[in-house]
Amino acid sequence: MFKLAVLEDTLRISPERFSLPKFDALCYAVHRKYSNRIVPGVGLCVGLWDWLKAEEDYLHPGDGGSWTKVIFRLLVFEPQVGEVIIGRVEHSSSEGLYVSVDFFNNIFIDRLALQEPSVFDEEEQVWIWKYQGHDLHIDVGEDIRFRVVKVVYENSDRSSVSTGAMTVQGSIAGDGLGLVSWWPK
Amino acid sequence: MTPLTQYLQDTPAGTQCSSSLQSLFTQLEKFQLTVGELQMIANQRPNSVLQLLCILFDCERRFTEEEMAGILQIIDTTLEPSPIKGEVDMQSTPNSL
């Protein structure tokens with residue numbers, strides 16, 4: 001689910017932070033640019049892990065801030081394909097299920113990746129798995145165990161950091177998958 | 001970071017410490033599990049064969065029933081019990097009594 005990614009960047013320390021120790025100011029710059037944002041191809045950045053290298057600071061004409069080239073490691077959230085994760089059902093639509101883990105909510109389970117056979121109840125807006133004569137509802141707020149099928153990035157440009165662009169596609173078609181309450185110990 | 005720590009605290013991973021994880025990994029070495037499988041075991045603390053079937057790739061072909069029971073036994077003895085959701089943390093209540 002989590003990994004350390006090595007990143008290289010040139011960070012700006014704004015003049016009002018010149019009085020801070022250098023790495024405190026650089027930490028602030030990393031958090032400001034990366035925390036809770038998505039780097040395409042890498043994942044959702046949680047926070048700075050450690051520094052690997054920092055070069056000298058440079059000033060550019062016309063800019064009061066100083067620029068430093070750094071190499072650092074970020075703690076990143078990116079589920080692996082095939083990984084099984086437990087999340088929570090956020091809401092359902094006729095297209096499928098929307099699931100979240102508390103800090104990330106762009107997880108989608110397509111209607112074709114549900115347990116067979118499943119039907120969508122338009123009135124209650126809920127998916128129901130018809131298992132051996134029983135109607136098992138997939139209610140909002142329930143814990144759900146799903147397998148990661150694919151991680152899709154909207155933008156393939158690795159140099160751009162954005163807030164919205166990662167979708168995790170999952171599946172609950174399989175033994176043991178689906179609502180945690182469906183499979184008692 | 002706060003939603004993340006909250007999420008992790010509610011999972012079985014929230015009650016473990018590095019020494020129990022080390023013990024878990026050492027005892028599971030003989031089963032030759034992949035890093036991803038070990039990670040999922042540590043994060044979810046499976047307690048039934050069905051949960052192992054989900055987590056371990058090609059489980060039925062790689063392990064016999066006895067071996068799966070052995071894996072579950074090791075998990076149960078080395079890792080701390082999962083946190084129960086909604087349970088009050090006794091250490092954080094005021095010492096007024």
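By a salt bridge I shall mean a side-chain nitrogen of Lys or Arg within 4 Å of a carboxyl oxygen of Asp or Glu, and with that rule in hand I can say that zero salt bridges are found across the interface of chain B and chain A. Please keep in mind throughout that what we are looking at is a predicted model.

Let me stay with the interface for a moment. On the side of chain B there are 16 residues in contact with chain A, and they meet 19 residues of chain A. Putting the two chains together buries about 1600 Å² between them, and carbon and sulfur atoms give 62% of that area. If we look at what chain B buries against chain A, then B:L4, B:Y7 and B:C54 supply 35% of it, which is more than any other three residues. Although the salt-bridge count is zero, the rule for polar contacts does find four residue pairs across this interface, both residues of each pair being at pLDDT 80 or more. As for the elements involved, those of chain B that give two or more residues to the side touching chain A are α1 (2–10), α3 (35–44) and α4 (49–55), and it is α1(B) that contributes the largest share, with five residues. Sorted by class, this side of chain B has eight nonpolar, seven polar and one charged residues.

Now to chain A, and to the sheet of four strands. This sheet is open, its order is β1-β4-β3-β2, and the pairing is antiparallel; β1 (2–13) and β2 are the edge strands, each pairing on one side only. Going through the pairs, strand β2 (residues 38–39) is joined by two bridges to strand β3 (residues 43–59), the two running antiparallel, and A:I38 has A:L44 in β3(A) as its bridge partner. The hairpin made by β2(A) and β3(A) has three residues between the strands, and in its turn A:G41 has a positive phi of about 85 degrees. Between β3(A) and strand β4 (residues 66–77) of chain A there are eleven bridges, again in the antiparallel sense, with A:D57 standing opposite A:T68 in β4(A). These two strands also form a hairpin, here with six residues between them, and A:G62 in the turn has a positive phi of about 85 degrees. Across β1, β2, β3 and β4 of chain A lies helix α1 (residues 22–34) of chain A, which runs at about 135 degrees to β3(A).

The other sheet I want to show is an open one of three strands in chain A, with the order β8-β9-β10 and antiparallel pairing. Why is one side of β8 (118–121) and of β10 (134–138) in chain A left without a neighbour in the sheet? Both strands stand at the edges and each has a single partner strand, so there is nothing in the sheet to pair with on the remaining side. On average, and ignoring direction, neighbouring strands of this three-stranded sheet are turned by 30 degrees against each other.

Within this sheet, β8(A) pairs with strand β9 (residues 126–131) of chain A over four bridges in the antiparallel sense. A:V119 stands opposite A:I128 in β9(A), and A:D121 stands opposite A:V126. β8(A) and β9(A) form a hairpin with four residues between them.

I would like to finish with two backbone details, for which the background is that most residues other than glycine have a negative phi, and most peptide bonds are trans. A:Q125, in the loop between β8 and β9 of chain A, has a positive phi of about 55 degrees although it is not a glycine. The peptide bond that joins A:E116 and A:P117 is cis, with omega at about -15 degrees, and A:P117 has its place in the loop between β7 (104–110) and β8 of chain A.

Technical notes
Residues are numbered from 1 along each chain as its sequence is written. Chains are lettered from A and ligands numbered from 1 in the order in which they are written. This is a predicted model: local features need pLDDT of at least 70, side-chain atom pairs count only at pLDDT 80 or more; totals for chains, interfaces and linings use all residues. Side-chain values use heavy atoms; hydrogens and water are left out. Contact means heavy atoms within 4.5 Å. Buried area is the accessible area (1.4 Å probe) that two parts lose on being put together, summed over both. A polar contact is a pair of N or O atoms within 3.5 Å; within protein, one must be able to donate a hydrogen and the other to accept it, and residues adjacent in sequence count only if both atoms are side-chain atoms. Ala, Val, Leu, Ile, Met, Phe, Trp, Tyr, Cys and Pro count as nonpolar, Asp, Glu, Lys and Arg as charged, and the others, Gly among them, as polar. Two strands pair if DSSP finds at least two bridges between them. Axes are lines fitted to C-alpha atoms, for helices over the stretch in contact, and angles run from 0 to 180 degrees between N-to-C directions.
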